[in-house]
Amino acid sequence: MKIAMLARNANLYSHRRLKEAAEARGHTLDILNTLRCTVHIASHRPQVFYNGAPIAAYDAVIPRIGASITNYGLAILRQFEMAGIWSLNESVAIGRSRDKLRSLQILAKHGLGLPLTAYANDPKAAEEIIKAVKGPPVVIKLIEGTQGIGVVLAETMSSAKSVIEAFRGANVNILVQEFIKEAGGTDIRALVVGGKVVAAMQRTGAADEFRSNLHRGGSARVIKITPEERSTAVRAAKRMGLNVCGVDMLRSNHGPVIMEVNSSPGLEGIESATGKDIAGQIIDFIAANAGGTTKTKGRG
């Protein structure tokens, strides 16, 4: 197979591993810098150009679109899809996952466990939405944040109101969520490939840090998840329409609650923690399923 990967940094661990796994299986994988791609829109001739030249024919595309260029990356990916190239995760599903509010609305509609969440445009409604999620304390996060960036724990009513008013005063969209104290600064990342959980790890935040992201200095270890947690991860991936994703969950007193569904999960932490060849499993899934056009999955 000939596979394209949309990614800005070819040297990232995840991207190197996917390329190595593809080539070890006899496939060709080209890493294309997303920002060097352009689209030429003409009737009946959807094309993508790379460094000014039309791209070669590919059997599949792996979108590894950075959060900072989501809109541009999705425009490029849609052009691949319209040209009939199969995408590992299709553009609509990635768009759902990158909008935290939209993704939570979809998951809530289908009865998946979530922390209490509130959203409002008017900063004067700060106290109302804090009380709606049984706070303080509350977690305040940017709707389009990633890797723990733009996530704040506010422990008092006054501090929570100040943070909300500051974000909204800067015209930044935020969510306010209940703080799951019993999680103890840990979460679970379940890696789903093709409707199955292929690996899971528990992440623990650094000292004096409530966020457990590895990018924030957290640590990870392999963990055996419960049947309910496994089912929650699989259902979340299905409802979001993602073939490959990382489902981040907290263990609450009333069962697993989903914090985020990540459509471009990093592989370094989970491969290191579990010793599993996740990159190889992703490439095997592509080889078994690529062909024809990408069909929109999930709803919402």
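Lys109, Arg235, Lys238 and Arg239 form a positive patch on the surface of this predicted model. Helix 7, residues 227–240, supplies the largest share of that patch, with three residues. The whole structure holds 12 salt bridges, and some of them share partners in a network that includes Arg17, Glu20 and Arg25. Two cis peptide bonds are also described below, one from Gly135 to Pro136 and one between Pro136 and Pro137.

**Positive patch**

- Lys109 belongs to helix 4, which covers residues 100–109.
- The relative accessibility of Lys109 is 66%, so this residue counts as exposed.
- Helix 7 contributes three residues to the patch, its largest share. Helix 7 also carries Glu229, a salt-bridge partner of Arg251.

**Salt bridge within helix 1**

- Arg17 and Glu20 form a salt bridge in which the closest N and O atoms are 3.7 Å apart.
- The two residues are three positions apart in helix 1 (residues 13–24), which means that about one helical turn separates them.
- Arg17 is buried, because its relative accessibility of 16% falls under the 20% cut-off.
- Glu20 has a relative accessible area of 44% and is therefore partly exposed.

**Salt bridge between Arg25 and Asp277**

- The side chains of Arg25 and Asp277 pair in a salt bridge with an N to O distance of 3.5 Å. Arg25 sits in the loop between helix 1 and strand 2 (28–32), and Asp277 in the loop between helix 8 and helix 9 (278–289), so this pair ties together parts that are 252 residues apart in sequence.
- Arg25 is partly exposed, at 33% relative accessibility.
- Asp277 is also partly exposed, with a relative accessible area of 33%.

**Salt bridge between Glu229 and Arg251**

- Glu229 and Arg251 meet through their side chains in a salt bridge of 2.6 Å, N to O. Because Glu229 lies in helix 7 and Arg251 in strand 15 (residues 244–252), the bridge connects parts that are 22 residues apart in sequence.
- Glu229 is buried, with a relative accessible area of 4%.
- Arg251 is partly exposed, with a relative accessible area of 33%.

**Salt-bridge network**

- Arg17, Glu20, Arg25, Glu271, Asp277 and Asp284 are joined into one network by salt bridges that share partners.
- Among the links described here between members of this network are the bridge of Glu20 with Arg17 and the bridge of Arg25 with Asp277.

**Polar contact of Ser264**

- Ser264 is placed in the loop between strand 16 (255–262) and helix 8 (268–274).
- Ser264 is buried, because its relative accessibility is 16% and the cut-off for buried is under 20%.
- The side chain of Ser264 makes a polar contact of 3.5 Å with the side chain of Arg98.

**Backbone geometry**

- Most residues other than glycine have a negative phi, and most peptide bonds are trans.
- The peptide bond from Gly135 to Pro136 is cis, with omega near 0 degrees. Pro136 is located in the loop between helix 5 (126–132) and strand 9 (138–142).
- The bond joining Pro136 and Pro137 is likewise cis, and its omega is about 0 degrees. Pro137 is found in the loop between helix 5 and strand 9.
- Asn51 is not a glycine, yet it has a positive phi of about 55 degrees. Asn51 lies in the loop between strand 4 (47–50) and strand 5 (53–54), and its relative accessible area of 52% makes it exposed.
- Asn171, also not a glycine, has a positive phi of about 60 degrees. Asn171 is in the loop between helix 6 (157–169) and strand 11 (174–178), and it counts as exposed at 62% relative accessibility.

**Position of Gly169**

- Gly169 is part of helix 6.
- Gly169 is exposed, with a relative accessible area of 67%.
- From C-alpha to C-alpha, Gly169 and Cys245 are 33 Å apart in space, and they are 76 residues apart in sequence.

Technical notes:
Residues are numbered from 1 along each chain as its sequence is written. This is a predicted model: local features need pLDDT of at least 70, side-chain atom pairs count only at pLDDT 80 or more; totals for chains, interfaces and linings use all residues. Side-chain values use heavy atoms; hydrogens and water are left out. Patches are made of residues with over 30% relative accessible area and no salt bridge: like charges are joined within 9 Å, nonpolar side chains (Val, Leu, Ile, Met, Phe, Trp, Tyr) within 5 Å. Accessible areas come from the Shrake-Rupley method with a 1.4 Å probe; for residues, only the protein chains shown count as cover. A salt bridge is a side-chain nitrogen of Lys or Arg within 4 Å of a carboxyl oxygen of Asp or Glu. Lys and Arg count as positive and Asp and Glu as negative; His and the chain ends are not counted. The place of a charge is taken as NZ of Lys, CZ of Arg, CG of Asp or CD of Glu. Helices (H or I, at least four residues) and strands (E, at least two) are DSSP runs, numbered from the N terminus. Buried means under 20% relative accessible area, exposed over 50%, partly exposed in between (1.4 Å probe, protein chains only). A polar contact is a pair of N or O atoms within 3.5 Å; within protein, one must be able to donate a hydrogen and the other to accept it, and residues adjacent in sequence count only if both atoms are side-chain atoms.
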